[in-house]
Each structure stands twice: as structure tokens, then as C-alpha cells.
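Trainee: Hi! Could you walk me through this one? I have it open but don't know where to start.
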Amino acid sequence: MKKITTLFIGFVALMLSGASCDKIKDAADITIETTFEETFSVDVQTATEPDGSAVFTDNATIDLNTGDVKDYVDKLKNIVIKKVQLQVLSSTSAPDAEVSGNVDLGGGFSIPIPPTNIQNTFDTGTIIDLNDNAGAFNYIKDQLLSQKTLTYSINGVLSEVPVVAEFKLIYTLDVTANPL
């Protein structure tokens with residue numbers, strides 16, 4: 001009976017020490033807030049659509065192998081997409097010209113760009129928060145965790161021309177990794 005009690009105490013101690021190792025390992029997790037930014041230049045002088053509007057498309061890639069998290073790319077545990085924003089960096093556009101459209105992430109996911117007055121947004125320095133749409137932020141997270149990159153397209157509609165502007169998309173992420 002004494003041997004069974006000793007074995008049981010040893011087993012419990014072993015189980016507790018295993019849980020402690022996991023807690024110690026989890027304590028080594030680090031979370032880094034990082035941003036990925038891409039600038040898109042638009043120079044449209046004539047309408048491309050019968051209603052006087054114009055469309056544009058451009059592509060870019062979020063690549064975790066660059067920037068603040070490149071040293072931890074193989075040790076990722078979680079990613080939280082905190083926000084996606086649109087900023088107008090420069091503009092010499094028609095006063096009432098608006099941009100709208102979407103950020104096409106692939107896989108059937110996109111983030112809508114609401115109608116935004118280009119010149120006014122530039123003049124005031126306003127940064128537009130783009131809203132998650134039907135799980136788009138989770139799709140970004142899943143793609144970055146599994147592929148480490150995500151190529152996306154910006155599909156814009158300009159309500160009128162001329163538009164000469166630079167737009168910046170800003171992705172702000174919390175990336176959690178464990179260097180152990």
C-alpha cells in the first residue's frame with residue numbers, strides 16, 4: 001500500500017511539473033503590435049465609365065517575412081487584426097470626387113471602402129477606418145498564420161475625374177509568437 005501511495009504522489013508531482021513547464025513556456029509568449037502599409041498612386045484624367053466615373057485596380061502583398069515580426073515568423077501562435085485603415089497621402093482631385101470600392105483579399109473575402117471625399121479627407125488629414133466584412137479579418141489572420149503572406153487587390157471607383165492622389169492602406173496587427 002505504501003508503494004501505491006508513493007507512486008500516486010510521484011505521478012501527481014510529475015503531472016503538476018508538466019503543467020508548470022507549459023505555463024513557463026506560455027509566459028515566454030511575446031506580442032508585437034506591427035503595421036503593414038502599402039501606397040497606391042492614382043492618376044486618372046478621363047472617365048472610364050459612361051456615368052463619368054472611373055475605375056482602378058492595384059495589387060499589394062502583406063509579407064510577415066519582412067518588418068517587425070520576421071524573426072518570429074516560424075514561431076507564430078496568433079494574429080489579431082486590430083484595424084485596417086485608408087489614408088489619403090496627397091490629392092489634387094476634383095473637389096467633389098469620391099473614392100469607393102473594396103479591398104479584395106481573395107477567397108471570397110473583401111473589405112468595403114465607403115464613399116469618401118478624396119480632397120476633403122486629404123485636407124483634414126482624416127484616416128478612414130475600414131470595417132470587417134463577413135469574417136474578412138479572420139481570413140487575413142488565417143492566411144497570414146498558414147502562408148505568412150497575403151496578396152490582395154484594391155478595386156476603386158472614382159465618382160468623377162480628374163483624380164491625382166496617393167492612397168495608403170494600413171493594416172495594424174497584434175502578432176503573438178513564442179521564441180522558445
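Mentor: Happy to. Let's start with one residue: D174 is partly exposed, at 21% relative accessibility.

Trainee: Okay, and which residues does D174 share a network with?
Mentor: Salt bridges with shared partners join D174 with E33 and K82 into one network. Keep in mind as we go that this is a predicted model.

Trainee: How far apart are the side chains of K82 and D174 in their salt bridge?
Mentor: They meet at 3.9 Å, N to O. K82 sits in strand β3 and D174 in strand β8, so the pair links distant parts of the chain, 92 residues apart.

Trainee: And K82, is that buried or exposed or in between?
Mentor: K82 counts as partly exposed, with 40% relative accessibility.

Trainee: How many salt bridges are there in the structure?
Mentor: There are 4. One of them joins the side chains of D29 and K77, at 2.9 Å from N to O. D29 is in the loop between α1 (2-27) and β1 (30-44), while K77 is in strand β3 (residues 76-91), so this pair ties together parts that are 48 residues apart in sequence.

Trainee: What about exposure for those two, D29 and K77?
Mentor: D29 is partly exposed, with a relative accessible area of 25%. K77 is partly exposed too, with 41%.

Trainee: Which residue does K168 meet in a salt bridge?
Mentor: K168 meets E37, at 3.4 Å from N to O. K168 belongs to strand β8 (residues 163-177) and E37 to strand β1, so the pair ties together parts 131 residues apart in sequence.

Trainee: Is K168 buried or exposed?
Mentor: K168 is buried, with a relative accessible area of 15%. Its partner E37 counts as partly exposed, at 45%.

Trainee: Switching topic: how many aromatic pairs are there?
Mentor: The structure holds 4 aromatic pairs. Take F40 and Y152: their ring centres are 6.4 Å apart and the planes are at 70°, so the pair is edge-to-face.

Trainee: Why does that make it edge-to-face?
Mentor: Because planes over 60 degrees apart count as edge-to-face, and the planes of F40 and Y152 are at 70°.

Trainee: Got it. Where do F40 and Y152 lie?
Mentor: F40 is in strand β1 and Y152 in strand β7 (residues 149-158), so the pair ties together parts that are 112 residues apart in sequence. Both residues are buried. F40 and Y152 also form one aromatic cluster with Y171.

Trainee: What about F56 and F167, are they stacked or edge-to-face?
Mentor: The pair is stacked, because the planes are at 5°, with the ring centres 6.2 Å apart. F56 is in strand β2 (residues 54-63) and F167 in strand β8, 111 residues apart.

Trainee: And are those two rings buried or exposed?
Mentor: F56 counts as buried, at 10% relative accessibility. F167 is buried as well, with a relative accessible area of 1%.

Trainee: Let me zoom out. How many helices and strands does the protein have?
Mentor: It has 3 helices and 8 strands. Along the sequence, the pattern reads α-β-β-β-β-β-α-β-α-β-β.

Trainee: What share of the residues counts as buried?
Mentor: Of the 180 residues of the protein, 36% count as buried.

Trainee: Last one: what does the protein expose?
Mentor: About 9900 Å², and carbon and sulfur atoms supply 53% of that. As for contacts with a separation of 6 or more, residues 24 or more positions apart account for 81% of them.

How values were computed. Residues numbered from 1 in each chain as written. Predicted model: local features only at pLDDT ≥ 70, side-chain atom pairs only at ≥ 80, totals over all residues. Heavy atoms only, no water. Helix = DSSP H or I, 4+ residues; strand = E, 2+ residues; numbered from the N terminus. Buried < 20%, exposed > 50% of the residue type's maximum accessible area, 1.4 Å probe, protein only. Phe/Tyr/Trp six-rings, centres within 6.5 Å; stacked < 30°, edge-to-face > 60°. Contact = heavy atoms within 4.5 Å. Areas by Shrake-Rupley, 256 points an atom, 1.4 Å probe, with all protein chains shown as cover.
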